[in-house]
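Q: Please take a close look at one helix of this model and at the core it helps to form. I should like a connected account that begins with the helix itself and then moves outward to its surroundings.

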Amino acid sequence: MGKKLPPEQLELYKRIDEILFYKWDPIGISDGGWARDEYQSYLPRVFRMALEYRSPDKIAKYMTIVATQSMGLSEAKGHDLTIAKLILEVKESIGIES
């Protein structure tokens, strides 16, 4: 990231990391002994998008593109949209506004 985040943004960053690993988890590794950092390369962009957007659509679209084009998986648009909504709900619960 390179710069120190305000406490509420740091909390969101950590929560998005957990959401990507435990909830989004497109390759299904969260319940095994796999590397905890598997999806962290996508975290900075999802975080920036969460700060920027109020609608989950663009976040979900990015997640779908990552899963299909970078990972070679089938689309799971409904799941990706659910996860994007969860991310924005967490952002709101922390008190961060777009």
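A: The model is a predicted one. In α2, the buried residues are Leu-43, Val-46, Phe-47, Met-49 and Ala-50. Because these residues cover an arc of only 165 degrees around the axis, they lie on the same side of α2. The spacing follows a general rule: an α-helix has 3.6 residues a turn, so residues three or four places apart point the same way. The face of α2 turned away from this buried side carries Arg-48 and Glu-52, both of them exposed.

The buried residues of α2 pack against α1, α3 and α4. Val-46 illustrates the packing in detail: leaving aside residues up to four places away in sequence, Val-46 touches Ile-16, Leu-20, Ile-59, Tyr-62 and Ile-87. Val-46 also has a prominent place in the largest nonpolar core, which holds 28 residues. Together with Ile-16, Leu-20, Trp-24, Tyr-39, Ile-59 and Ile-87, Val-46 is among the members that touch the most other members of that core. Two or more core residues come from each of α1 (7–24), α2 (43–52), α3 (57–70) and α4 (77–94). The greatest contribution is that of α1, which gives 7 residues.

That contribution makes α1 the natural partner to consider next. Helix α1 has 18 residues and reaches 24 Å from its first C-alpha to its last, close to the 26 Å expected at 1.5 Å a residue. Its buried residues are Leu-12, Tyr-13, Ile-16, Asp-17, Ile-19, Leu-20, Phe-21 and Trp-24. What covers these buried residues includes α2, α3 and α4. After α1 comes Asp-25, with a positive phi near 35 degrees.

Aromatic residues form a further part of the picture. The structure holds 5 aromatic pairs. In one of them, the ring centres of Phe-21 and Tyr-22 are 4.9 Å apart and the ring planes stand at 90 degrees, so the pair is edge-to-face. The two partners differ in their surroundings: Phe-21 has 4% relative accessibility and therefore counts as buried, whereas Tyr-22, at 46% relative accessibility, counts as partly exposed. Phe-21 and Tyr-22 belong to one aromatic cluster with Trp-24, Tyr-39 and Tyr-42. Two residues of this cluster, Trp-24 and Tyr-39, are also among the core members that touch the most others.

Technical notes
Residues are numbered from 1 along each chain as its sequence is written. This is a predicted model: local features need pLDDT of at least 70, side-chain atom pairs count only at pLDDT 80 or more; totals for chains, interfaces and linings use all residues. Side-chain values use heavy atoms; hydrogens and water are left out. A nonpolar core is a set of buried Ala, Val, Leu, Ile, Met, Phe, Trp, Tyr and Cys residues joined through side-chain atoms within 4.5 Å. Buried means under 20% relative accessible area, exposed over 50%, partly exposed in between (1.4 Å probe, protein chains only). Helices (H or I, at least four residues) and strands (E, at least two) are DSSP runs, numbered from the N terminus. Contact means heavy atoms within 4.5 Å. Rings of Phe, Tyr and Trp (its six-membered ring) pair if their centres lie within 6.5 Å; planes under 30 degrees apart count as stacked, over 60 as edge-to-face and the rest as tilted. The arc is that of the directions from the helix axis to the C-beta atoms. The expected span of a helix is 1.5 Å times one less than its number of residues.
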